[in-house]
Amino acid sequence: MSDNPLGDHLRARRELVQPADVGIRVTGVRRTPGLRREEVATLAGISADYYLRLEQGRDRNPSPQVLEALARVLGLDGVGTEYLLGLAGVRPVPPTRRTRSHRQVVPAGTLQLLDVIGLPAFVENRVFDVLAANAVATELAPGLRAGANRLRTMFLEPDELERYPEWPRHMAGMVAAFRASIGAAVDDPDVVRLVGELSLGSEDFRRLWARHDVRALGGGDVRMWHPEVGDLELRREKLGVGGTDGQLLVVHHAEPGSPSARGLALLGSLAATRTANTAAARSDPPTAARVTAVPPTAGPDGSDGPASGT
């Protein structure tokens with residue numbers, strides 16, 4: 001992992017801004033992708049030498065005013081600007097959080113809600129480990145299962161992609177939201193391990209990570225596909241779980257009365273049937289939407305380690 005996250009971020013974002021986006025007329029051939037350093041500096045009202053020092057990591061204490069000017073030139077939105085400020089440490093940033101499973105206990109009330117909600121729902125942490133999931137969620141997509149990491153399944157398990165017809169957009173959104181979620185904690189050992197694994201295993205991830213996109217952690221529309229139900233037009237809601245270290249309850253739902261709502265109802269029936277069959281085979285009383293969760297003292301592989309290896 002780089003020891004100059006601020007400079008890396010500035011350079012990546014600079015290369016994505018086209019001169020026309022900031023009113024610069026281009027004549028002739030430009031060998032530099034995006035904006036030149038001196039162009040960014042001029043537009044932000046700082047010296048070219050000072051901006052060069054920021055990119056190279058020779059000056060790591062820019063003022064909030066300088067960073068906000070750079071954010072404006074680079075076209076960053078509110079979330080992107082906060083992320084940039086956090087990288088420079090000019091505003092309070094939540095301390096680095098280790099995502100070890102014994103510190104990621106899902107509250108009992110939330111587990112109970114997963115069991116009775118009747119919709120695909122799961123709980124994830126800041127690095128997108130799935131800490132608990134109901135049977136309908138796992139039926140919707142195999143990667144939505146306790147002990148999995150959503151980034152890992154999306155980029156390293158090809159079967160997961162078929163559940164997301166618009167997978168390129170979905171991938172880009174996940175990586176951008178991951179940056180927003182971890183904030184300045186890019187050197188957290190769990191984050192370093194996950195990013196390293198994904199970078200080695202996925203060219204798509206390497207390309208998207210290098211863009212340094214940042215997107216708010218929020219709900220949104222998502223298209224999905226299921227081999228027994230077909231296409232689903234869903235809405236994904238993300239709700240904070242009180243009393244936890246940044247856990248989110250993620251719920252999928254559909255427009256009432258729509259074909260997708262009927263599809264979700266069928267998924268619920270499929271999940272209940274499979275859960276009952278599994279319970280019968282194990283002589284375990286069936287539950288309509290059995291919840292699985294990462295044990296509070298061990299990772300999914302039985303070790304006392306991170307739930308996702310991140």
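This passage walks through the overall makeup of a predicted model, a few of its helix packings, and some individual residues.

Starting with the overall picture, the protein chain contains 13 helices and 6 strands. Its length is 310 residues, and 47% of these count as buried. Among contacts in the protein chain with a separation of 6 or more, 59% come from residues 24 or more positions apart.

Helix α5, spanning residues 78–88, is a good place to begin. Of its 11 residues, 8 are buried, so α5 is largely enclosed by the rest of the structure. The buried set runs through Gly80 and Thr81, then Tyr83, Leu84, Leu85, Gly86, Leu87 and Ala88. The cover over these residues includes α1, α4 and α10.

The packing of α5 with α1 can be described in some detail. Two packed helices are described by the angle between their axes and the distance between the axes. For α1 and α5, the angle is about 150° and the axes are 8 Å apart. An angle over 145° counts as roughly antiparallel, so that is how this pair is classed, given its angle of about 150°. The crossing of the two helices is left-handed. On the α1 side, the residues involved are Pro5, Leu6, His9 and Leu10, and they meet Tyr83, Leu84, Leu87 and Ala88 of α5. Sorted by class, this contact has 7 nonpolar residues and 1 polar residue, with no charged ones. Tyr83, Leu84, Leu87 and Ala88 also belong to the buried set of α5.

Another of the helices that cover α5, namely α4, covers residues 64–73 and holds Pro64. With a relative accessible area of 28%, Pro64 is partly exposed. Once neighbours within four places in sequence are set aside, Pro64 is in contact with Leu85 and Val90. Leu85 is one of the buried residues of α5. As for Val90, it sits 26 residues from Pro64 along the chain, yet the C-alpha atoms of the two are separated by 6.4 Å.

Helix α10 also takes part in covering α5, and it has a packing partner of its own in α12. Helix α10 covers residues 167–182 and α12 covers residues 203–211; their axes come within 10 Å and cross at roughly 50°. That angle makes α10 oblique to α12. As for handedness, α10 passes α12 in a right-handed crossing. From α10, the contact draws on Trp167, Met171, Ala172, Val175, Phe178, Arg179 and Ile182, while α12 supplies Asp204, Phe205, Leu208 and Trp209. These residues divide into 9 nonpolar, no polar and 2 charged.

Back toward the N terminus, helix α3 (residues 48–56) has four buried residues to look at: Tyr50, Tyr51, Leu54 and Glu55. They cover an arc of only 140° around the axis, which puts them on the same side of α3. The spacing fits a general rule of thumb. An α-helix has 3.6 residues a turn, so residues three or four places apart point the same way. The buried residues of α3 pack against α1, α2 and α4. Asp49 is also found in α3, but this residue is partly exposed, with a relative accessible area of 44%. The C-alpha atom of Asp49 is separated by 9.1 Å from that of Arg37, and the two residues are 12 apart along the chain. Following α3 comes Gly57, with a positive phi near 80°.

Positive phi values turn up outside glycine as well. Most residues other than glycine have a negative phi. Phe128, though not a glycine, has a positive phi of about 70°. This residue lies in the loop between β1 (121–124) and β2 (130–134), and at 1% relative accessibility Phe128 counts as buried. His212 is another such case, with a positive phi of about 60° although it is not a glycine. The loop that holds His212 runs between α12 and β3 (220–226). His212 is buried too, with a relative accessible area of 10%.

Key: Residues are numbered from 1 along each chain as its sequence is written. This is a predicted model: local features need pLDDT of at least 70, side-chain atom pairs count only at pLDDT 80 or more; totals for chains, interfaces and linings use all residues. Side-chain values use heavy atoms; hydrogens and water are left out. Axes are lines fitted to C-alpha atoms, for helices over the stretch in contact, and angles run from 0 to 180 degrees between N-to-C directions. Angles under 35 degrees count as roughly parallel, over 145 as roughly antiparallel, 65 to 115 as roughly perpendicular and the rest as oblique. A crossing is left-handed if the near helix is turned anticlockwise from the far one by less than a right angle, and right-handed if clockwise. Contact means heavy atoms within 4.5 Å. Ala, Val, Leu, Ile, Met, Phe, Trp, Tyr, Cys and Pro count as nonpolar, Asp, Glu, Lys and Arg as charged, and the others, Gly among them, as polar. Buried means under 20% relative accessible area, exposed over 50%, partly exposed in between (1.4 Å probe, protein chains only). The arc is that of the directions from the helix axis to the C-beta atoms.
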